[in-house]
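This report describes a ligand-bound protein chain, beginning with charged pairs and ending with the ligand site. The sequence and structure are shown below.

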Amino acid sequence: MKEENVFSPQTDQEELRDERSLRPKNLGEFIGQEKLKENLGVFIEAAKGRKEQLDHCLFYSPPGLGKTTLAHILANELGVNIKITSGPVLTKPGDLAAMVTTELSDGDILFIDEIHRLNTAVEEALYPVMEDFLFFINTGKGPGATTLKIQTPKITLVGATTRSGLLTGPLRDRFGIIFNLGFYETPEIEKILRRSAGILGVEADKAGLEEIAGRARGTPRIANRLLRRVRDFAQVRGKGVITPEIAVNAMTSLEIDAEGLDQLDRALLLAIAEKFSGGPVGIDNLAVAVGEETDTLTDVIEPYLIKAGFLQRTPRGRILTEKACRHLKIKKPKNADLF
Ligand code: ADP
């Protein structure tokens, strides 16, 4: 068992296997994000009524909150096909042209995950597709150079990114619908767990699921992952049923504490306390101190620590909060007056 993977943003093998059954298929099955669902429902209905393609959509949130799921739901609700790709995979404008012109038809969805990682050439080729469903190909060189104009199907581009600020202005401006998915409340995570347990055929007490929900960092992907791990403990150390005792036992073994923090979270908070006197500390220095990539800290680790009130982002850097000191059972560090 690889504990360090529990909070990883990447989809693992087990998830790929369960994905089809666990992933909500329509807006009705998608739990939480009420305002977003309501608005999206209106936009879908309006596009269907006009028999037009849906406007381009951008979803941004930390990993695991439902961006890919929503793209699939859009395709389902609109009754169109969806083609999935990602920013780092589309390396040449030609790849994009081939995909849009040969694999998609009017109304279909092109989903680009990690859209902030598109290279400039591909991003610029995307602009006329988004605006006028046109693709320009330059042929030849020098005075004989010509530009070929190709009409593409009227597609809907759905982009996903971990931070909207990572997108260039011109790209962001071409999306008509932009949604930020926030972390889920614990009761919503509990609902997601109950649904997943039902689909996976796992028997669980209400209190057992509550125990897991409180440690899932408001993130459906992590909730489902913890459910699978606790199921293993229930099978091996219990009677196959997820009880609060089994859940706590499993979490202790995985070194996930009552607030859902793992070793890396605690190492990061302790580093601020011990190496930087409570902060403020720049994210790059912090990344070196804990031996992680800056992007991982910014996109994956930090958003939840800030949301849960353990960390504060200030113009001068990150600072530890009083709540973090209480949780780690440490004295307020030297720069305590910053609290
Ligand atoms: P992202 O694309 O934001 O990284 P995903 O859409 O892949 O996240 O979601 C991760 C998993 O969490 C999905 O497989 C899905 O099963 C589950 N999930 C996400 N959002 C919800 C939700 N609102 N209700 C139920 N399950 C969800």
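With which residue does Glu190 form a salt bridge? The partner is Arg194, and the closest N and O atoms of the pair are 3.7 Å apart. The model in which this pair is found is a predicted one.

Glu190 and Arg194 both belong to helix H7, which covers residues 186-200. They are four residues apart there, or about one turn of the helix. Their surroundings can be put in terms of relative accessibility. Glu190 counts as buried because its value is 11%, under the 20% cut-off. Arg194 has a relative accessible area of 43% and is therefore partly exposed. The pair also belongs to a network of salt bridges that links Glu190, Arg194, Lys206 and Glu210.

**Other salt bridges**

Side chains of opposite charge can pair when their charged atoms come close. The structure holds 20 salt bridges, and the table lists some of them, including the pair described above.

| Acidic residue | Basic residue | Closest N to O distance |
|---|---|---|
| Glu190 | Arg194 | 3.7 Å |
| Glu38 | Lys35 | 3.7 Å |
| Asp95 | Lys92 | 3.9 Å |

Glu38 and Lys35 are both found in helix H2 (residues 34-50), where three residues, about one turn of the helix, set them apart. Lys35 has 54% relative accessibility and so counts as exposed, the cut-off for this class being over 50%. In the pair of Asp95 and Lys92, whose side chains meet in a salt bridge, Asp95 is partly exposed with a relative accessible area of 26%. Lys92 is likewise partly exposed, with a value of 49%.

**The chain as a whole**

The chain has 339 residues, and buried residues make up 47% of them. Its secondary structure consists of 14 helices and 11 strands. Along the principal axes, the C-alpha trace spans about 70 × 50 × 35 Å.

One of the helices is H11 (residues 263-275), which contains Ala267. Ala267 has a relative accessible area of 34%, so this residue is partly exposed. From Ala267 to Gly169 the C-alpha to C-alpha distance is 36 Å, and the two residues are 98 apart in sequence.

**The ligand site**

Where does the ligand lie with respect to domain 1 and domain 2? Domain 1 (33-180) and domain 2 (186-253) both give residues to the shell around the ligand, so the ligand lies between them. The ligand is surrounded by 18 residues, of which the closest are Glu19, Ile31, Gly64, Thr68 and Thr69. By class, the shell divides into nine nonpolar, five polar and four charged residues. Helix H1 (13-22), helix H3 (67-78) and helix H9 (220-237) each supply at least two residues of this shell.

Polar atoms of the protein approach the ligand at several points. A backbone N or O atom of Ile31 is 2.7 Å from a nitrogen atom of the ligand. In the side chain of Thr69, an N or O atom lies 2.5 Å from a ligand oxygen atom. Arg221 places a polar side-chain atom 3.0 Å from an oxygen atom of the ligand. On its own the ligand has 560 Å² of accessible area, and the protein covers 95% of this.

Key
Residues are numbered from 1 along each chain as its sequence is written. This is a predicted model: local features need pLDDT of at least 70, side-chain atom pairs count only at pLDDT 80 or more; totals for chains, interfaces and linings use all residues. Side-chain values use heavy atoms; hydrogens and water are left out. A residue is near a molecule or strand if one of its heavy atoms lies within 4 Å of it. A polar contact is a pair of N or O atoms within 3.5 Å; within protein, one must be able to donate a hydrogen and the other to accept it, and residues adjacent in sequence count only if both atoms are side-chain atoms. Accessible areas come from the Shrake-Rupley method with a 1.4 Å probe; for residues, only the protein chains shown count as cover. Ala, Val, Leu, Ile, Met, Phe, Trp, Tyr, Cys and Pro count as nonpolar, Asp, Glu, Lys and Arg as charged, and the others, Gly among them, as polar. Domain bounds come from an automatic or database domain assignment. Buried means under 20% relative accessible area, exposed over 50%, partly exposed in between (1.4 Å probe, protein chains only). A salt bridge is a side-chain nitrogen of Lys or Arg within 4 Å of a carboxyl oxygen of Asp or Glu.
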